[in-house]
Structure formats: structure tokens, C-alpha cells
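Here are a few short exercises to work through with the model on your screen. Try each task before you read its solution.

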Amino acid sequence: MTVNNLFNQYLKGIEMFFRDQGFKRNGYCFHQKRFENLILLNIQKSNLSTTEVIEFTFNIGICSVYLLSFYQIEDKLPETDDWHWRKRIGNFLPANEDVWLKISETTNIQELVKYSIELFNKYVFPELRNNSTDEELVTQWLNKNSPGLTEFQRLLNLTALLSKTNLDTIYLNVKSELLNYAQKNRLSISYHLNKLDEVKPD
């Protein structure tokens, strides 16, 4: 049996598990709507994969549906770069190091599926479920915990989410921080500021 066939076996096995958790599949991406936001699990193959060994990892993220609308991103499943919170599976583990799974002709697929399920149940899903609402994302970003984002993206996203709240003092402080950051780094934010004025409640 070829490694591609074994990889497809792995996909079927992990898909069954993800479906039991409420996820749907689209290609290599599994997605679930939770509290009006999207949780996404995307399999990424390594460029080092060969006809003898397939290496892959999981990109794991959260998308705020509100932010997708704010930025006018209309794709049903946003690209990884458009996610608002993202990590690779290895970043959830205690060692916090990149992890690539491997499939060769000698791989026991059932054991690899079992190992993957253990990782998701023990490390990934508990953290995802604690960070999947807009309120939880705001808390993370206010604490400057913004995995997968640049500082500029953190400030853009934070001002956008805070603009729909009544947290006026916090909003104005973060907006001021964004203005200073953009000025210091010569970044244009006029469109973003106009959007904030459009959505900020009176």
C-alpha cells in the first residue's frame, strides 16, 4: 500500500473523530461554528514530503465572524493568514515545539490516529473552547497573548472588537496605542479608522 493510501486512511480515521466533535470537512480543513465564531483545524503537508514519507502538521485557529464581516472577508472558510488566533498543534503541547507527524509504509495508522486524538482531547480542545468567543479573544489580546498575529494585527483586531462594546475607556486607550504604533511604523490606518467610526455605537 502506498503512503498516499495510508495518508487517506489516516484522514478517514481522524475525520470520524472530528465529526463526533461537531466538525465538518472541506478538503484538508475541518471547521465548526462555536458561539457564532469558527474553529478551524487545517492539515498542512510539509514540502519535505516524498513518495516514501508524508510529513504533516495541524494548523489550529479561531475566526471571529464579526471581524470577518468588519474586514469584508467573504470566503466561507478563510485562509490561514486571515485567522484571528492560530497555533500549530505542537504549540499546544508542554514542550511548545513544532510537531510534524509522519506516515511511511511501516506506519501503524490506527496508532497514529489514536495518538492524534489523544493530543486533541488532552491539549487542543480544552484551550480552544476557552478562547472561542469574541469576549475571550478580547481578553487574550488585552493581555498581549495573540498567537499567530503581529502586534499590528492584534491592535487592529482589538480596536475592531472593542468598537462594538461599551468599554469606552479601554477602547480609547487601545485606539491610541494603535495610532502611535501606526505613526511610529509609518503604517496607513485611515480605512480602519473610518470603519471604526461607522460601527462604533453612539
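**Exercise 1.** Which residue takes a positive phi in the hairpin of β1 and β2?

Before solving, note that this is a predicted model, where local features need pLDDT of at least 70, side-chain atom pairs count only at pLDDT 80 or more, and totals for chains, interfaces and linings use all residues. Residues are numbered from 1 along each chain as its sequence is written, and side-chain values use heavy atoms, with hydrogens and water left out.

*Solution.*
- Start with the strands: β1 covers residues 24-26 and β2 residues 29-34; they run antiparallel and are joined by 3 bridges. Strands are DSSP runs of E, at least two residues, and helices are runs of H or I, at least four, numbered from the N terminus; two strands pair if DSSP finds at least two bridges between them.
- Check one bridge: arginine 25 has phenylalanine 30 of β2 as its partner.
- Now look at the turn: 2 residues lie between the strands, and glycine 27 has the positive phi, near 65°.

**Exercise 2.** Find the residue with a positive phi in the hairpin of β2 and β3.

*Solution.*
- β3 spans residues 37-45 and runs antiparallel to β2, with 6 bridges between them.
- Opposite arginine 34 you will find asparagine 37 of β3.
- This hairpin has 2 residues between its strands, and phenylalanine 35 takes a positive phi near 50°.

**Exercise 3.** Place these strands in the whole protein.

*Solution.*
- Count the elements: there are 7 helices and 6 strands.
- Read their order along the sequence: α-β-β-β-β-α-β-β-α-α-α-α-α.
- Finish with the extent: the C-alpha trace spans about 65 × 35 × 30 Å along its principal axes.
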